[in-house]
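User: I am in my first year and would like to learn how to read one part of a protein model closely. Please take one helix and then show how charged residues and cysteines elsewhere in the model are placed.

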Amino acid sequence: IIIFHVRSINNCYLLPGQYAMQAVSVFWCQPCGVRLKKLLSDHLNCSVEVDNMGISGDCVVPYMADRFKKTLSSSSKQYDWILILGGTNDLGQGIDYNTILATLCSMHDNARASGAHTACLAIPQAAMEHERNFLLQHTNKLKVNAGLRDYCDRSGGWSIYVDLYNELPDPTDRDTDRNRYWCDPLHLTEHGYNIMADIIFSKLKQHLVADHHSPSPKL
């Protein structure tokens, strides 16, 4: 989960109902958060604080969801955007995809109830998921991602879908320089996480306004 928080506001505007870009929360890998912070700060011309709340190896059910709920209830910050990526480890442990999807959607519901907009990050591909022993995980991953996309379509603009599954370099493509982007069949290199941040930012910036003369937030 990624959270961003603006310490000094300088012509910095956001989506529906909020003008100061105060916070974004991120639950995943640190290199992605560092890169995203720079991209957001440069784009918005203001100081953006990104809180990375991810834990390596974490599962959505129930650990990440429980920690997230406690974070929202105890934090003194008002987060404007919360970005959530999860489900890979749950699928690997055989947790039912319906349970994973429902839990992720519940996390987004809680984030939106706190006043934040959210980004649903699709579960990325893994190098081994097209192998025979992993075909069920692959199928269930596609179902979770489809459910997240549908959640965003029904959110009235409060949640956006970021298709990391299709936009990150394909780890199963022999023409892809896998060593450049992937450090193993499941995890990205630092460069790979920077690419992830670029993909997220490209989607997110369409919903941000950095012009203080703008009469209303842009959707």
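Analyst: The account below begins with helix H4 and then turns to a loop glutamate, the salt bridges and the cysteines.

This is a predicted model, in which local features need pLDDT of at least 70 and side-chain atom pairs count only at pLDDT 80 or more, while totals for chains, interfaces and linings use all residues. Residues are numbered from 1 along each chain as its sequence is written, and side-chain values use heavy atoms, with hydrogens and water left out.

Helices (H or I, at least four residues) and strands (E, at least two) are DSSP runs, numbered from the N terminus. Helix H4 covers residues 97–113, which is 17 residues. The expected span of a helix is 1.5 Å times one less than its number of residues. For H4 that span is 24 Å, and the end C-alpha atoms are 24 Å apart, which agrees.

At the start of H4, a side-chain oxygen of aspartate 96 comes to within 3.0 Å of the backbone nitrogen of asparagine 98. After H4 comes glycine 115, with a positive phi near 105°.

A residue is called buried under 20% relative accessible area, exposed over 50%, and partly exposed in between (1.4 Å probe, protein chains only). In H4 the buried residues are Ile100, Leu101, Thr103, Leu104, Cys105, Met107, His108 and Ala111. Contact means heavy atoms within 4.5 Å. The elements that cover these buried residues include helices H2 (60–74), H3 (88–92) and H5 (135–153), together with strands S4 (81–84) and S5 (117–121).

Glutamate 129 is situated in the loop between S5 and H5. Its relative accessible area is 4%, so glutamate 129 is buried. Leaving aside residues up to four places away in sequence, glutamate 129 touches Pro124, Phe134, Leu135, His138, Lys141 and Tyr165. A polar contact is a pair of N or O atoms within 3.5 Å; within protein, one must be able to donate a hydrogen and the other to accept it, and residues adjacent in sequence count only if both atoms are side-chain atoms. The side chains of glutamate 129 and lysine 141 are joined by a polar contact of 2.6 Å. A polar atom of the glutamate 129 side chain also lies 2.8 Å from the backbone nitrogen of alanine 126.

Side chains of opposite charge can pair when their charged atoms come close. A salt bridge here is a side-chain nitrogen of Lys or Arg within 4 Å of a carboxyl oxygen of Asp or Glu. The count by this rule is 6 salt bridges. One of them joins arginine 149 and aspartate 163, with the closest N and O atoms 3.4 Å apart. Arginine 149 lies in helix H5 and aspartate 163 in the loop between strand S6 (159–162) and helix H6 (164–167), so the pair ties together parts that are 14 residues apart in sequence. Arginine 149 is partly exposed at 39%, whereas aspartate 163 is buried at 12%. Another salt bridge links aspartate 58 to arginine 67, at 2.3 Å between the closest N and O atoms. Aspartate 58 is buried at 16%, and arginine 67 is partly exposed at 25%.

Finally, a disulfide is taken as a pair of cysteine sulfur atoms within 2.5 Å, and a search of the whole structure finds 0 of them. Cysteine 120 has its closest cysteine sulfur in cysteine 152, 3.4 Å away, which is too far for a bond. Cysteine 120 is buried, with 0% relative accessible area. Cysteine 32 is likewise buried, at 0%.
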